[in-house]
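Here are my notes on the model you sent. They are set out as numbered points and may be taken in any order.

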Amino acid sequence: MQRRNLLKSIAAAGIGGLITPREQKAQTAVEKAIRGLPAPKIKDVQVIETAPAGVRLTVVKIVTDQDGLFGYGCATFTQRADLVKPAVERYLKPLLLNHPVDRIEDTWQMCYDSSYWKNGPVLNNAISGVDQALWDIKGKMARMPVYDLVGGKCREAADVYRHASGSEIQQCVDMAKQFKEQGIRHVRVQVGTPGYEGYGAGGRGGAMVKGLRDTGAVFEPAPYIRRALKLFEECRKQLGEEIELLHDVHERVTPSQAVQFAKDCEKFKLFFLEDPLSPEDIAYFRLIRQQCSTPIAMGELFNSPHEWLPLMSERLIDYIRIHVSQAGGFTPCRKVAILGELFGVRTAWHGPGDVSPIGHMANVTLDVVSYNFGVQEYSEFNANTREVFHGVPVLEDGYVWPSTKPGWGIEIDEKAAAKFPFQGTPGSGAAPSSNTSNPRSGLNGGWGEVRKRDGQIIKQ
Ligand SMILES: [Mg+2]
């Protein structure tokens with residue numbers, strides 16, 4: 001540039017707005033790029049329901065007014081699966097049509113506030129479907145995986161834990177050995193209690209104890225605790241110290257039993273003890289913290305910041321393990337992860353079979369961008385699930401890897417999804433899909449009705 005022209009451009013920029021030709025050129029290029037990509041608008045909001053592994057998965061698809069540009073988000077609430085679809089179609093879709101896709105925070109807040117009463121699982125899952133679909137779209141627009149959109153990876157992949165179980169202690173230990181041989185470094189161990197219903201054990205050994213109510217499943221906390229402690233002892237004997245052990249109480253014991261159990265676990269050096277208390281009993285976490293050093297994980301039932309904020313800010317738990325769609329999606333859980341970093345609480349996002357592969361990808365994305373990542377629960381995807389969801393997270397040597405493709409990197413074959421309709425929902429006339437013998441368990445997609453010997457129903 002001639003000196004005369006340079007002086008002219010400086011004069012044109014005015015005092016306080018000095019700009020060099022190089023900066024001008026860069027700004028023009030950015031403006032041109034932005035002008036070339038107008039913010040797309042939401043043209044349609046659809047709900048995909050599919051159960052390729054027998055578990056009811058719900059995914060929201062947001063279609064934009066630009067050809068071929070759409071996104072997917074996990075909205076899976078399998079225990080009340082039929083309610084999420086109308087929440088999306090009847091209440092969120094009218095808010096969203098013609099709304100620009102580029103303002104994710106604004107859209108999330110708009111959806112969240114629109115019901116006035118909020119923080120319930122149905123509406124939070126509906127919002128999550130929308131939220132994650134918008135992140136998928138933004139990633140596709142930027143041609144980046146979502147982890148790059150939020151700053152990029154701080155680790156290559158996420159350490160996972162797998163589930164070892166058995167009706168007998170040796171079965172569980174043998175399964176844990178197999179995982180160890182496969183390179184898995186973290187294993188959750190659950191064992192059946194002879195005569196009683198358990199959680200996550202896949203069997204109990206012996207006939208069920210007869211209870212006063214004829215509902216079949218009987219649970220008693222004391223025999224469960226004694227059995228679990230024997231399991232940990234045997235795990236340490238046979239597996240050694242070079243494996244991280246985890247265990248899920250599934251909030252089935254009383255608060256004082258939880259405190260005692262956490263103390264008794266201390267010598268086995270668990271990686272974490274999960275859900276020793278129900279969300280209703282969170283005040284007792286302080287007692288556990290005061291009395292022992294067993295690391296505590298909590299949060300898969302949480303819906304609201306009112307639940308996790310006190311536990312995290314007072315450093316009463318070690319791992320926060322929210323079910324991401326249950327809390328409203330990627331946007332709020334990214335904030336939870338950052339909050340955890342400030343208070344020394346690590347993440348262990350809920351990752352069982354009742355999270356869709358889109359939700360699993362959101363989990364792994366949070367894992368690789370959060371400095372305070374702890375561990376990731378991982379569930380295998382069966383052949384039917386892979387037929388529906390193309391590009392699921394990959395497990396290798398005990399690590400799960402996010403897709404490197406733009407957005408979540410997952411495409412859904414909707415024709416394949418339609419081959420696996422929901423089963424066992426009220427009024428559908430279809431048989432329940434359930435992994436227990438309780439005929440009512442299909443109604444809620446969970447564990448059915450479990451009662452103590454005297455007939456009292458238990459939290460689970
Ligand atoms: Mg759990």
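1. Does Glu251 count as buried or exposed? Glu251 has 21 C-beta neighbours inside 10 Å, so Glu251 counts as buried; the cut-off for that class is 20 or more. Keep in mind that this is a predicted model.

2. The backbone at Glu251 deserves a look as well. Its phi is positive, at about 45°, although the residue is not a glycine. Most residues other than glycine have a negative phi. Glu251 sits in the loop that runs between strand E7 (244–248) and helix H9 (255–265).

3. Arg315 also takes a positive phi, near 55°, and is a residue other than glycine. Its place is the loop between helix H11 (305–313) and strand E10 (319–320). Arg315 counts as exposed because 11 C-beta neighbours lie inside 10 Å, where the class requires 12 or fewer.

4. On the chain as a whole: there are 16 helices and 17 strands. Buried residues make up 45% of the 460 in the chain. Among contacts with a separation of 6 or more, 68% join residues 24 or more positions apart.

5. Helix H3 (residues 81–96) has 16 residues, and at 1.5 Å a residue the helix should span 22 Å; the end C-alpha atoms are 22 Å apart, which agrees. There is nevertheless a kink of about 30° in H3, centred on Val88. Both values should be quoted when H3 is described.

6. Val88 is also one of the buried residues of H3, together with Ala81, Val84, Ala87, Leu92 and Leu96. The cover over the buried residues of H3 includes two strands, E1 (42–50) and E2 (57–64), and two helices, H4 (104–113) and H5 (121–142). Just after H3, Asn98 has a positive phi of about 70°.

7. How do helices H8 and H9 lie relative to each other? The axes of H8 (residues 221–239) and H9 come within 11 Å and cross at roughly 10°. An angle under 35 degrees counts as roughly parallel, and H8 and H9 are therefore roughly parallel to each other.

8. In the contact between these helices, H8 supplies Pro221, Ile225, Leu229 and Phe232, while H9 supplies Gln257, Phe261, Asp264 and Cys265. By class, the residues of this contact are six nonpolar, one polar and one charged. H9 is also the helix that follows the loop holding Glu251, the residue of the opening question.

How values were computed. Residues numbered from 1 in each chain as written. Predicted model: local features only at pLDDT ≥ 70, side-chain atom pairs only at ≥ 80, totals over all residues. Helix = DSSP H or I, 4+ residues; strand = E, 2+ residues; numbered from the N terminus. Contact = placed C-beta atoms within 7 Å. Expected span 1.5 Å × (residues − 1). Bend = angle between axes of the 7 residues up to and from the residue. Axes fitted to C-alpha atoms, helices over the stretch in contact; angles between N-to-C directions. Parallel < 35°, antiparallel > 145°, perpendicular 65-115°, else oblique. Nonpolar A, V, L, I, M, F, W, Y, C, P; charged D, E, K, R; others polar.
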